[in-house]
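Q: I am in my first year and would like a close look at one part of this protein, taken slowly. Please pick a sheet and explain how its strands are arranged and what lies against it.

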Amino acid sequence: MDNNLLDFFMKTSSDLVYEINVEDQTINWYRDIHTILNYKQKINLNNFENLSKLLHKNDIKKLYNKLTTPNQEQNQISFRIKDALGNYQTWNDTYIRYENKIIGICKYDSKIILQEQEEKTENILDSTTDLIFYKDLDLNYMGCNESFCNFVGLDKKDILGKNDYELFGEKHANKFRQMDNIILEKKVSNTNKEWVTYPNLDKVLLLTQKSPLINKNNEIYGLLGISRDITKEIDYKNEIKESKKRYKKLFQANKIPVLLVCPDSGDIIKANKAAQKFYGYTSSEIKKLHITQINTLSSQEIQKEMMLAKNEERDCFNFKHKIKSGKLIDVEVYAGPIKFKNKKILYSLVFDITKRKQAEKKLKQAHTIYQNTKEGIFITDLNGKILSVNKAFEQITGYQESEVIDKNSNLLKSDTHSKKFYSRLWKTLAEKGLWEGEIINKTKAGKIFPQWLTINTVYDESHQAVNYIAVFTDFTKLKEQEQLLREKDQIMFQQSKMASMGEMLRNIAHQWRQPLSVITSSATGLKLKKEFGILNDEDFSEFADGILKSTNYLSETIEDFSNYFKNSKNKEYFFISEILDKTTQLSKATLKNSDIKIEIDVENNYEIYGIKNELIQILLNLINNTKDAYNNKQQEVQYLKIYTKKYMNNVVIFVRDIAGGIPENILTKVFEPYFTTKHQSQGTGIGLYMSKQIVEERLKGAIDAYNIEEKINDEKYKGMEFKITIPISQSKTE
């Protein structure tokens with residue numbers, strides 16, 4: 001039966017005849033399917049699985065049902081299969097199934113294809129918001145899209161076959177008919193704009209273009225119309241106009257200088273008022289300028305930079321610009337391309353960064369100082385966490401920056417100080433924003449070292465604490481040098497005392513001569529009167545009183561000199577008059593022998609705090625210098641004046657002579673160690689140096705020396721005056 005049926009199909013049909021084996025799903029084609037589908041290279045379509053790969057995904061199930069449904073009756077299905085061009089062809093499949101075979105005929109259905117194309121076209125037309133319609137030569141509507149239906153307010157079935165008079169009012173229909181007749185008569189397109197109102201009362205502006213429909217024989221068979229809502233476009237154009245106006249206002253109102261520059265020619269096209277003011281030119285003047293008259297780079301460099309901006313490869317540039325006065329200003333320019341009159345130009349914002357450059361320079365200098373100063377510096381947050389250190393910090397502590405960043409600064413603690421010490425430190429820092437003092441810290445290697453540390457609080461603009469900055473100096477060597485200096489000063493102090501000891505001994509000798517002479521004379525008188533038997537009670541009492549008085553005088557003298565030579569370090573309160581009396585007592589004999597008259601004038605008997613013997617030594621040094629000066633001068637009038645005055649909260653002691661003074665060129669050197677104007681046999685030069693050290697360090701005062709001129713008995717004398725300033729009644733806690 002199957003062979004008879006196949007022969008029948010082959011003889012009666014020119015369509016595609018096939019036979020399918022249901023069990024193995026193989027297909028025998030009795031027409032060339034490759035030619036029908038336009039495949040130049042043959043592919044294996046004798047297998048149902050391969051064939052299904054060319055089927056439309058919605059039709060695969062149909063064909064599988066065809067294989068699996070046992071049915072002896074005639075069946076019909078349609079399916080779509082992809083050709084060599086990628087298009088789906090629609091086929092009507094008529095087949096008969098018996099036992100394990102299917103025999104059928106596939107026929108290409110052009111009506112279905114056309115219908116599908118029409119459906120696709122209709123779907124495309126309905127998807128657009130434009131109003132699309134077409135009419136026949138009688139100007140009846142042959143078709144339209146959904147947007148046109150919405151515009152008319154009718155379904156498509158109620159529009160097709162009707163004319164404008166049936167759909168619109170007479171006024172509009174007359175207008176449409178007049179326009180349509182002109183198009184059909186002249187075979188030309190026509191465009192017009194008009195405001196229309198939709199059924200929902202929305203009012204819109206429609207731009208309508210109508211064109212004649214012409215076939216291959218150049219015959220008109222209808223008319224096509226497309227209407228577009230251009231209400232928003234009109235609004236957009238108006239908005240553009242308004243935007244241009246706003247832009248012009250903003251361009252001129254911008255406080256930042258703006259230049260419009262042609263990147264190809266370098267001409268300055270436009271500049272706002274801020275730019276005119278910045279560069280010092282008027283609007284007409286600046287438009288005549290070339291960018292090379294402002295930018296100090298070479299023409300080639302400027303062109304290169306403008307191309308980078310034009311091509312949007314870079315938008316920020318730093319230049320030096322020259323203003324009208326000739327002054328050069330550091331500027332930062334942000335430039336990018338914009339369209340201006342159909343040209344691509346550069347829109348450039350210009351910022352004066354002169355102050356910023358200066359600030360950057362200062363910051364760079366500060367950083368250089370920060371990194372190169374000999375003092376160690378580190379910065380912490382408010383919790384003591386280290387944020388930055390300088391090179392000196394690394395050198396002094398032995399820690400590298402990477403080792404201490406984000407670590408607490410207490411890693412430097414030596415455990416030398418008590419918790420109370422650190423509590424006071426932080427309390428002072430919190431109250432005053434500053435702490436300064438000596439502290440013992442520890443290096444990375446564990447070495448203990450003293451340092452002078454200053455911690456300052458850093459505040460922000462609202463005076464809120466943000467950081468601490470600590471600066472410290474390692475003064476281990478300084479401490480050692482101070483110890484050596486103290487020892488040296490002590491030696492020099494003792495040398496000074498020993499140098500003046502000979503002078504003191506001479507003073508003792510002078511003061512002892514007279515009482516010793518009295519004692520000798522009294523003792524001799526007693527002996528002689530005793531030997532001659534003429535000694536009576538009255539004579540004995542007289543001689544004994546003379547001996548006792550002289551002996552007491554000698555004892556007091558020994559006490560005074562003994563007290564002077566005591567190396568006392570105890571401070572005490574004492575009066576100026578007491579010191580001057582002691583000094584006069586110790587030096588009056590040598591002054592008398594040198595015929596030097598001494599005058600003492602104490603304004604008020606002020607009380608000061610210190611070591612008495614040190615101040616006495618200073619005054620004795622000055623008196624000895626005066627005596628030596630007079631010995632070298634050998635003038636008739638010789639006197640020494642010591643007087644006091646009060647200045648603010650200080651007592652000032654003046655020691656004045658008229659022994660000729662000293663040359664001005666060496667006056668500033670008199671307090672230097674080992675400097676002297678005397679012969680080596682007369683002095684060591686440490687007297688005035690030690691005097692200065694004692695006044696400044698022990699008495700917390702100051703000493704100065706200068707030449708003076710004084711008139712005595714109508715004659716002018718030159719001399720020298722020493723000025724010693726000492727605070728009155730200092731605290732005993734010093």
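A: What follows describes one open sheet, its pairings and the helix across it, with a short word on the whole chain.

This is a predicted model, in which local features need pLDDT of at least 70 and side-chain atom pairs count only at pLDDT 80 or more, while totals for chains, interfaces and linings use all residues. Residues are numbered from 1 along each chain as its sequence is written, and side-chain values use heavy atoms, with hydrogens and water left out.

The protein chain has 22 helices and 27 strands, where helices (H or I, at least four residues) and strands (E, at least two) are DSSP runs numbered from the N terminus. Five of the strands form an open sheet in the order β7-β6-β10-β9-β8, with antiparallel pairing; two strands are said to pair if DSSP finds at least two bridges between them. Because β7 (141-144) and β8 (190-197) stand at the edges and have a single partner strand each, one side of each is left without a neighbour in the sheet. From one strand to the next, the twist averages 25°, an angle taken between N-to-C directions on a scale from 0 to 180 degrees, with axes that are lines fitted to C-alpha atoms, for helices over the stretch in contact.

Within this order, β9 (residues 203-214) and β10 (residues 220-229) pair in the antiparallel sense over nine bridges. Along that pairing, S211 stands opposite L224 in β10, and the bridge partner of P212 is L223. The hairpin of β9 and β10 has five residues between the strands, and there N218 takes a positive phi near 65°. Strand β10 also pairs with β6, again in the antiparallel sense, over five bridges, and here K135 stands opposite L223. L223 is therefore a residue to look at from both sides, since it faces P212 and also K135 across the strands.

Helix α8 (residues 170-186) lies across β6 (131-135), β8, β9 and β10, and it runs at about 30° to β9.

To set this part in its surroundings, 40% of the 734 residues of the protein chain count as buried, meaning under 20% relative accessible area (exposed is over 50%, and partly exposed is in between, with a 1.4 Å probe and protein chains only). Among contacts (heavy atoms within 4.5 Å) in the protein chain between residues at least 6 apart in sequence, 50% join residues at least 24 apart.
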